[in-house]
Amino acid sequence: MNKMRLEEAIESGDLKEAIRIIEDVGEKQDHTFTPILLRYLVTTDSILLRNAIAVTLADLGDNEAVLPLFDLLRNPKTKGNRGTILYALGFFDASTHVMALVDLLDDTFEASRQSYQLISTVQDKISETQKELCRQMIRRKLADHKNKHKRDFLLESLGLFT
């Protein structure tokens, strides 16, 4: 596989070819592509390309992908399109970033549910201090929401930290 070919496909806007190469990288577990994938993960405006890269980074399992993936969750350009990023994070230890996950509990339906799922997988790995901070965040969110369904979900989420 050729890194220049991937960069040419991305730069020329040939997303079909770029995604094919990216998926091939994941299947072949070619970790030499990680730096290129990370660069385009954070710079692309293409949701399709970003999602393909996120899934491939999860397949590769390189821990250096964790921070850029969490940074993307905080980026306004991913609002409404965070599901695949959260899915990819499920392949890593997200316990040190649990606060960022709690922050998404009142995001879109998909993002909030995937955040809940990720939190449930790391809840045994977080400290009592982190749990208390998460409870405080959720209580503040509860005070801000009038929507019954979101409030009920946040109350349920509070149980993850008891």
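Me: Is Ser 115 buried or exposed?
Reply: Buried: in this predicted model, Ser 115 has a relative accessible area of 0%.

Me: Where is Ser 115, and what is it in contact with, leaving aside neighbours within four places in sequence?
Reply: Ser 115 belongs to helix α8. Setting aside neighbours within four places in sequence, its contacts are Leu 86, Leu 101, Leu 104 and Leu 105.

Me: Let's stay with α8. Which aromatic pair does Tyr 116 form?
Reply: I'll come at that from the full search, which finds 2 aromatic pairs in the whole structure. One of them joins Tyr 87 and Phe 91, with ring centres 5.3 Å apart and planes at 75°, so that pair is edge-to-face. The pair with Tyr 116 has Phe 153 as its partner and is tilted, at 5.5 Å centre to centre and 45° between the planes.

Me: Which parts of the chain does the Tyr 116 pair link?
Reply: Distant ones: Tyr 116 is in helix α8 (residues 109-122) and Phe 153 is in helix α10 (residues 148-158), 37 residues apart.

Me: And are those two rings buried or exposed?
Reply: Tyr 116 counts as buried at 19% relative accessibility, and Phe 153 counts as buried at 8%. In the other pair, Tyr 87 is partly exposed at 43%, and Phe 91 is partly exposed at 45%.

Me: What sits over the ring of Phe 153?
Reply: The charged end of Arg 113, 3.8 Å from the ring's centre.

Me: OK, new topic: salt bridges. How many does a search of the whole structure find?
Reply: The search finds 14. One of them is between Arg 20 and Glu 17, whose side chains meet at 2.8 Å, N to O.

Me: How far apart are Arg 20 and Glu 17 along the helix?
Reply: They are separated by about one helical turn, because they are 3 residues apart in helix α2. As for why that spacing suits a pairing, an α-helix has 3.6 residues a turn, so residues three or four places apart point the same way.

Me: Buried or exposed, those two?
Reply: A mix. Arg 20 counts as partly exposed at 38% relative accessibility, while Glu 17 counts as buried at 19%. There is also a network of salt bridges here, linking Arg 5, Glu 17 and Arg 20.

Me: What about Lys 148, which residue does its side chain meet in a salt bridge?
Reply: Asp 152, at 2.7 Å, N to O. These two are 4 residues apart in helix α10, so about one helical turn separates them. Lys 148 counts as exposed at 55% relative accessibility, and Asp 152 is partly exposed at 37%.

Me: And Glu 132, what does it form a salt bridge with?
Reply: With Arg 139, where the closest N and O atoms are 3.9 Å apart. Both ends are partly exposed, Glu 132 at 29% and Arg 139 at 41%. The C-alpha of Arg 139 is also 9.9 Å from that of Arg 151, 12 residues away along the chain.

Me: Switching to the core. How many residues does the largest nonpolar core have?
Reply: It has 54 residues, and those with the most contacts inside it are Leu 6, Leu 37, Leu 69 and Phe 161. The largest share, 7 residues, comes from α4. As background, nonpolar side chains tend to be buried together in soluble globular proteins.

Me: What does Leu 37 touch, not counting residues up to four places away?
Reply: Leu 6, Ile 22, Val 25, Ile 53, Thr 56, Leu 57 and Leu 60, with residues up to four places away in sequence left out.

Me: Tell me about α4. How many of its residues are buried?
Reply: 10 of its 14 residues, so α4 is mostly covered. Among the buried ones are Ile 53, Leu 57 and Leu 60. What covers them includes α1, α2, α3, α5 and α6.

Me: What happens just after α4?
Reply: Gly 61 takes a positive phi of about 70° there.

Me: And before it, in the loop between α3 and α4, is Thr 44 buried or exposed?
Reply: Thr 44 is buried, with a relative accessible area of 10%. Leaving aside neighbours within four places in sequence, Thr 44 is in contact with Leu 49, Arg 50 and Lys 77.

Conventions: Residues numbered from 1 in each chain as written. Predicted model: local features only at pLDDT ≥ 70, side-chain atom pairs only at ≥ 80, totals over all residues. Heavy atoms only, no water. Buried < 20%, exposed > 50% of the residue type's maximum accessible area, 1.4 Å probe, protein only. Contact = heavy atoms within 4.5 Å. Phe/Tyr/Trp six-rings, centres within 6.5 Å; stacked < 30°, edge-to-face > 60°. Lys NZ or Arg CZ within 6 Å of the ring centre and 35° of its normal. Core = buried A, V, L, I, M, F, W, Y, C linked by side-chain atoms within 4.5 Å. Salt bridge = Lys/Arg side-chain N within 4 Å of Asp/Glu carboxyl O.
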